[in-house]
Amino acid sequence: MVVSHCRRRQDLKTNIKSWAQKNSLWLFHVNAASCNGCDIEFVASLTPRYDIERLGAQLVPSPRHADVLVVTGTVNPLMRERLKRIYEQIPEPKYVVALGACAGGGGVMKGCYNVSHGVDKVIPVDLFIPGCPPRPEAIIYGLMKLRDKISGGSHE
Amino acid sequence: MINWIFQLLVFPGLTFFVWIAFAFEWLERKTAAKIQSRVGPLTAGPKGFLQPVADYFKLIFKEEIIPRNSDKFVFLFGPPLYFSVPAIGAAFIPILGEKGVLSHSYDLLFILFIMAFSVLMASMLGYAAGGRYSTISIGRLVLQYTSYEVPLILSILAPALLARGLSLSKIVSSQISHWHVFYAPISFAVFLIVSLAELEKPPFDIPSAKTEIVAGWMTEFSGRPLAYIKLTKNLNYVFLSSLATTLFLGGPLLPIDVQDEFLKTILFLLVFLIKTFSVGFLIFIIKSALARIKIEQATSLLWVITTPLSFLQLLLIVLFR
Ligand code: SF4
């Protein structure tokens, strides 16, 4: 009896936690040697036509306030250390989104001498959004997938 | 005694004001979104109404990072203290009658003290965080404060002069038939401008300028301290709009006399909420429509334009009263 009561309380707490987290994803955007194509599409997804604030997502200025680190571009050696440091500055729980083909695995820069071939070679990545650059629809779809991952189930 | 504590902590005190603060943030984000022809928060709760609540809970459950060169004690215990400042101020606002929960005959002075204290708390928090951006931001905040304090006091003085008293209950009760905003319109405008400066909102968001100094003095805060700071900012919004309601728009009072106690309470509450939300809405519209100005422009605007204007208003009141 007591155990089930405790479990129910635990369940309630996790439910509130996951509901709050998935409805309030604050994004911090890092341009790690991107060509700016992905960045423009990412900003476009904040503008009136797509407006990801509907999902509670918001662009925050400081990594200390963020939940999601959005990385664009192929990470070159100069950015590698900076990216790690920014990742460390984000408080737990945190998620990393690799936006674009470059961030996913090199993209058009594949085989070049000073690229990392993917953000996942530097920091752990939760979600890849492919495309060169990905359309805002793809970004919204990716965000929905991230919400599903947080609530631990499928959206459909 | 128990009744008094209930009034102070639940209704119409702290809890009530916190819920209004959440509603204010939702309204602010929705208004900004509508002006930019977006939708704004939509998925959390009906029409996104629970968005601020979700933000708050998320921040509560997050990790707190304490920077190495920060003052740990102030860093952790400063934010709740900062929160308590407008929370105490809100208890002076008359909602269900002519008197607030805490009220005495010179409470207007105490409210001025509270507003100064809130800036002091903010600068303490910024210095405790110990980052470069916070330090720059605090310099700007204090500069801005020194320029808006004189017009703030002068604009608050106008309703006090009209009511011939320094207590909020006297100011409210003198406005049963005619609101002070009709006799002191310039002071009301100055008060709105100064509230924008106090709230660090555009065009006066110089201390927390996003594109220049990251997030201003809040840069280093995360988790629970950040949740407290965000909540305090919204509570400041509510506090200033309800103060404008009390000083210039007649507070909760009605010109008609209602006999039934219960009905009277409900009517007072409704009137108060409508007025406060209208003032808040006005501030949101001004805020969303304007862009940031430079620090010297802000200082000269506050010193050169608003200060003489509020003096002029005081002079007019003294001459024609
Ligand atoms: S994926 Fe394409 S658009 Fe994006 S940064 Fe790489 S080259 Fe540019």
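I started just past helix α8(B), where Glu200(B) follows with a positive phi, near 55°. Note to self: this is a predicted model, where local features need pLDDT of at least 70, side-chain atom pairs count only at pLDDT 80 or more, and totals for chains, interfaces and linings use all residues. Residues are numbered from 1 along each chain as its sequence is written, chains are lettered from A in the order written, and side-chain values use heavy atoms, without hydrogens and water.

**α8(B).** Helices here are DSSP runs (H or I, at least four residues), numbered from the N terminus. I checked the length of α8(B), residues 185-198: its end C-alpha atoms are 20 Å apart, in agreement with the 20 Å expected for 14 residues (1.5 Å times one less than the number of residues). Then I looked up burial (under 20% relative accessible area, 1.4 Å probe, protein chains only). In α8(B), 10 of the 14 residues are buried, so the helix is largely enclosed by the rest of the structure. Among them are Phe188(B), Phe191(B) and Glu198(B). The cover over these buried residues includes α5, α6, α9, α10 and α11 of chain B.

**A–B interface.** I find 32 residues of chain A in contact with 32 of chain B (contact: heavy atoms within 4.5 Å). I get six salt bridges between the two chains (a side-chain nitrogen of Lys or Arg within 4 Å of a carboxyl oxygen of Asp or Glu). One that I looked up pairs Lys58(B) with Asp67(A), with the closest N and O atoms 2.8 Å apart.

Conventions:
Helix = DSSP H or I, 4+ residues; strand = E, 2+ residues; numbered from the N terminus. Buried < 20%, exposed > 50% of the residue type's maximum accessible area, 1.4 Å probe, protein only.
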